[in-house]
Amino acid sequence: NNNNNKREGRQLSAEETDFVNIRKTFQKHTFANYIGVDPNHVDERDIPIIGIASSGGGYRAMIGLLGYIKAMKKTQIWDCIMYLAGISGSCWTIATYYSSLAQACPSRLERHFESKLNIHWANLSNFFHQLVSTPQHSRIMLQGIVQRAYQRGGDLSLADIFGTLIGSTLLLPAVFPKQQQLKCNYLSKQSQFLHDGAEPMPIYSS
């Protein structure tokens, strides 16, 4: 897309700076309780910026990060975190957590994984069954790889095919009534979970 702009520089963007400020306001009471002081004695500028980095490792990393998120939510450590970064399998968790499927809720994410992970991602019979189930499924499942092929002049790699299979496994609901519209899980839509500072900002690493 020739309309895309790339920002260069060492400073945070204005949007990220605003997020950090909003997130610190949200964190103030939890951080004060964690260190055992009155929230009125906490200056938001003194709240440390904490990031969590989760490793790759396929389904092992994906399920492992879900467990960590649940534990951090339960202990309220989650509300002290500014950034959540991942690579490979951990990114699958992050992408699904911030999607319409889980809606930034660990319990929803756990139920979704339970409903989807009983079938291997490379099960082509299941893939084609979903592909032909409705025109919406076909569009959602093939949209990414078609765009990729267009960008690269028709060339596709094994990684592109793998991404399509993983995406159709994780980023579609297990059961979806035909009368409802399937929603594309664009990364840009994840901002709806960040605007009030209630969730850490995700960072996807390669």
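Q: Is Asp160 buried or exposed?
A: Start with the scale: buried means under 20% relative accessible area, exposed over 50%, and partly exposed in between, with a 1.4 Å probe and protein chains only. Asp160 has 13% relative accessibility, so Asp160 counts as buried. This is a predicted model, where local features need pLDDT of at least 70, side-chain atom pairs count only at pLDDT 80 or more, and totals for chains, interfaces and linings use all residues. Residues are numbered from 1 along each chain as its sequence is written, and side-chain values use heavy atoms, with hydrogens and water left out.

Q: Which residue forms a salt bridge with Asp160?
A: The general test is a side-chain nitrogen of Lys or Arg within 4 Å of a carboxyl oxygen of Asp or Glu. Here the partner of Asp160 is Arg152, with the closest N and O atoms 3.3 Å apart. Arg152 is partly exposed, at 36% relative accessibility. A network of salt bridges links Arg148, Arg152 and Asp160.

Q: How many salt bridges does the structure hold?
A: Five. One of them joins Arg45 and Asp43, whose closest N and O atoms are 2.6 Å apart. Arg45 is exposed, at 70% relative accessibility. Asp43 is partly exposed, at 28%.

Q: What does the salt bridge of Glu110 and Lys70 tie together?
A: First, the elements: helices (H or I, at least four residues) and strands (E, at least two) are DSSP runs, numbered from the N terminus. The side chains of Glu110 and Lys70 meet at 2.8 Å, N to O. Glu110 sits in helix 4 and Lys70 in helix 2, so the pair ties together parts 40 residues apart in sequence. Both ends are partly exposed: Glu110 has a relative accessible area of 27%, and Lys70 has 35% relative accessibility.

Q: How far does helix 2 reach from its first C-alpha to its last?
A: The expected span of a helix is 1.5 Å times one less than its number of residues. Helix 2 covers residues 58–75, 18 residues. Its reach is 26 Å, close to the expected 26 Å. Gln76 follows helix 2, with a positive phi near 70°.

Q: Which residues of helix 2 are buried?
A: Gly58, Ala61, Met62, Leu65, Leu66, Ile69 and Met72. They cover an arc of only 140° around the axis, taken from the directions from the helix axis to the C-beta atoms, which puts them on the same side of helix 2. On the other side, Arg60 and Lys74 are exposed.

Q: What covers the buried residues of helix 2?
A: Contact means heavy atoms within 4.5 Å. The cover includes strand 1 (51–54), strand 2 (83–87), helix 3 (89–97), helix 4 (106–116) and helix 7 (158–170).
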